[in-house]
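Please work through the following exercises with the sequence and the model at hand.

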Amino acid sequence: MKIKYESVTGAVEEIDVSAEYGEFIVASRREESNSDRRHRYHAAFSLDGAQYEGQDFAADETPESEYLTRERNQRLYAAMDRLTSVQRRRLEMYADGMSFREIARLEGIDHKQIKKSVEQARKKIRNIF
């Protein structure tokens with residue numbers, strides 16, 4: 001497997017690595033990109049903290065937001081409990097950033113079956129949640 005590597009100088013090279021190491025790097029880069037995107041658009045802070053203490057001391061979480069997050073997570077876990085073990089496993093892999101084709105390759109089946117299974121799981125959760 002070939003991986004693109006950007007050195008400190010900015011030069012981009014393709015390096016041959018083992019499939020296992022390559023998959024790890026691709027997954028790591030995907031997680032980092034998803035995390036960056038998530039934090040870029042969902043940065044929360046307390047306006048109360050900014051008002052009294054200054055911007056540097058503003059709290060990320062308020063008691064209300066923590067309560068709402070906890071309540072939402074409980075509803076989500078209850079909805080996830082209603083999925084079959086196969087649907088749950090596939091949905092979790094998809095949520096972790098794997099593509100339908102990557103999941104299909106791991107399970108040894110067609111990617112269309114994975115897509116259908118994940119879509120059914122999402123629909124089931126949407127109806128419950």
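The exercises below move from the whole chain to a hairpin and then to a single residue.

This is a predicted model, in which local features need pLDDT of at least 70, side-chain atom pairs count only at pLDDT 80 or more, and totals for chains, interfaces and linings use all residues. Residues are numbered from 1 along each chain as its sequence is written, and side-chain values use heavy atoms, with hydrogens and water left out.

**Exercise 1.** Determine which pattern the chain follows along the sequence.

Solution. Begin with the elements: helices (H or I, at least four residues) and strands (E, at least two) are DSSP runs, numbered from the N terminus. The chain has 6 helices and 2 strands. Read in sequence order, they give β-β-α-α-α-α-α-α.

**Exercise 2.** Describe how S1 and S2 pair.

Solution. Two strands pair if DSSP finds at least two bridges between them. Strand S1 (residues 2-6) is joined to strand S2 (residues 12-16) by 5 bridges in the antiparallel sense. Lysine 4 has glutamate 14 in S2 as its bridge partner. Next, consider the turn: the two strands form a hairpin with 5 residues between them, and glycine 10 in this turn has a positive phi of about 100°.

**Exercise 3.** Establish whether arginine 90 is buried or exposed, and what it touches.

Solution. First, locate arginine 90 in helix H4 (residues 85-95). Buried means under 20% relative accessible area, exposed over 50%, partly exposed in between (1.4 Å probe, protein chains only). Arginine 90 has a relative accessible area of 11% and is therefore buried. Finally, list its contacts (heavy atoms within 4.5 Å). Not counting residues up to four places away in sequence, arginine 90 touches Ile103, Glu107, Ile109, Gln113, Ile114, Ser117 and Val118.
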